[in-house]
Amino acid sequence: MAGKARGVIDREKHRSGIIPSIENIVSTAFLGHKLDLMEIAKRARNAEYQPRRFSAVILRNKEPRATALVFQSGKMVIMGAKSEEDAHKAAHKFTKMINKTCDQATQVECKDFKTHNVVGCADVGFKIDNEALRASHTSFAEYDPEVFPGLTYRIKEPDVVMLVFGSGKVVLTKAKKREEVYVAFEKMYPILQQFKLGQAT
């Protein structure tokens, strides 16, 4: 099951016994000046550029696995890494990839690297009554199954959004670092237990 940890678990940090898996990290970096996207697309390996459909060159890296959107302004968005460290490594690899397409006068640097969104997933191991959860937490929860099958729960501290599905699967998003995913999950786990299907709430 997603989010179920194996081996020794730090129970002080993960009281539930579940460690959410990190599925995606979205980060940005700036390369210092405007770029010739057509030249990058022609010369870089694993590059894709369709300017009529999207205004960025798409670059892919295998190790660590990540994808970059490179804009003419010099902004780069890195997606798909599984850790902050991998996202940072990928950003520098993409920078080197771009520099191989440039002459000496237009070399770029990876600057102002910042993580904007860490996405985590877990399975709590039981089904959840989302209708009852929404009714009891109207200030934080939104649920309209005709529009979206999951309940949206906005956690204030840390500032994280949890999508709760009746199956027991949850997705945590908007976190700025891995630890915020873990803290938010542990904060929500006792609440979700209260709305376990088949027990009184």
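In the predicted model, helix α2 buries Glu 84, Ala 87, Ala 90, Ala 91, Phe 94, Thr 95, Met 97, Ile 98 and Asn 99. The helix comprises 16 residues, for which a rise of 1.5 Å a residue gives an expected span of 22 Å. The end C-alpha atoms of α2 lie 23 Å apart, in agreement with that expectation.

Glu 84, a residue of helix α2, has a relative accessible area of 18% and is therefore classed as buried, the cut-off being under 20%. Beyond the residues up to four places away in sequence, Glu 84 touches Ile 25, Thr 115, Lys 177, Arg 178 and Glu 179.

Several of these partners recur in the surroundings of Val 118, a position within strand β6, which covers residues 111-123. Val 118 is buried, and its relative accessible area is 0%. With residues up to four places away in sequence excluded, the contacts of Val 118 include Ile 22, Asn 24 and Ile 25. They also include residues from a later part of the chain, among them Leu 172, Thr 173, Lys 174, Ala 175, Lys 176, Lys 177, Arg 178 and Val 181. Ile 25, Lys 177 and Arg 178 are thus listed both for Glu 84 and for Val 118. The C-alpha atom of Val 118 is separated by 17 Å from that of Met 76, a residue 42 positions away along the chain.

Strand β6 also contains Asp 112. The relative accessibility of Asp 112 is 60%, so the residue counts as exposed, whereas Val 118 is buried. The phi angle of Asp 112 is near 55°, a positive value in a residue other than glycine. A phi near 55° is likewise found at Asn 46, which is located in the loop between α1 (37-43) and β2 (47-48). Asn 46 is partly exposed, with a relative accessible area of 47%. Most residues other than glycine have a negative phi, and most peptide bonds are trans.

Two cis peptide bonds were identified at proline residues, one from Glu 63 to Pro 64 and one between Glu 157 and Pro 158. Omega is near -5° for the bond from Glu 63 to Pro 64 and about 0° for the bond joining Glu 157 and Pro 158. Pro 64 belongs to the loop between β3 and β4 (66-71). Pro 158 is situated in the loop between β8 and β9 (160-164).

The largest pocket has a volume of about 280 Å³. Its lining consists of Arg 43, Ala 44, Arg 45, Asn 46, Arg 60, Asn 61, Lys 62, Lys 93, Lys 96, Met 97, Lys 100 and Thr 101. By class, seven of the lining residues are charged, three are polar and two are nonpolar. Strand β3 (56-61) and helix α2 (84-99) each contribute at least two residues to the lining. The largest share, three residues, is supplied by α2. Met 97 appears both among the buried residues of α2 and in the pocket lining. Asn 46, noted above for its positive phi, is also one of the lining residues.

Five aromatic pairs are present in the structure. In one of them, Phe 140 and Tyr 153, the ring centres are 5.8 Å apart and the planes meet at 20°, so the pair is stacked. Phe 140 is placed in the loop between α3 (130-136) and β7 (141-142), and Tyr 153 in strand β8 (residues 151-155), so the pair ties together parts 13 residues apart in sequence. Phe 140 is partly exposed, at 31% relative accessibility, whereas Tyr 153 is buried, at 5%. Ring pairs also link Phe 126, Phe 185 and Tyr 189 into a cluster.

Arg 134 is located in helix α3 and is partly exposed, its relative accessible area being 29%. Apart from neighbours within four places in sequence, Arg 134 is in contact with Ala 141, Tyr 143 and Leu 151. The C-alpha atoms of Arg 134 and Thr 152 are 9.0 Å apart, and the two residues are separated by 18 residues in sequence.

Conventions
Residues numbered from 1 in each chain as written. Predicted model: local features only at pLDDT ≥ 70, side-chain atom pairs only at ≥ 80, totals over all residues. Heavy atoms only, no water. Helix = DSSP H or I, 4+ residues; strand = E, 2+ residues; numbered from the N terminus. Buried < 20%, exposed > 50% of the residue type's maximum accessible area, 1.4 Å probe, protein only. Contact = heavy atoms within 4.5 Å. 1 Å grid on protein atoms, 1.4 Å probe; cavity = no way out; pocket = protein on both sides within 12 Å on 5 of 7 lines; lining within 4 Å. Points joined across faces, edges and corners; volume = space filled by probe spheres on them. Nonpolar A, V, L, I, M, F, W, Y, C, P; charged D, E, K, R; others polar. Expected span 1.5 Å × (residues − 1). Phe/Tyr/Trp six-rings, centres within 6.5 Å; stacked < 30°, edge-to-face > 60°.
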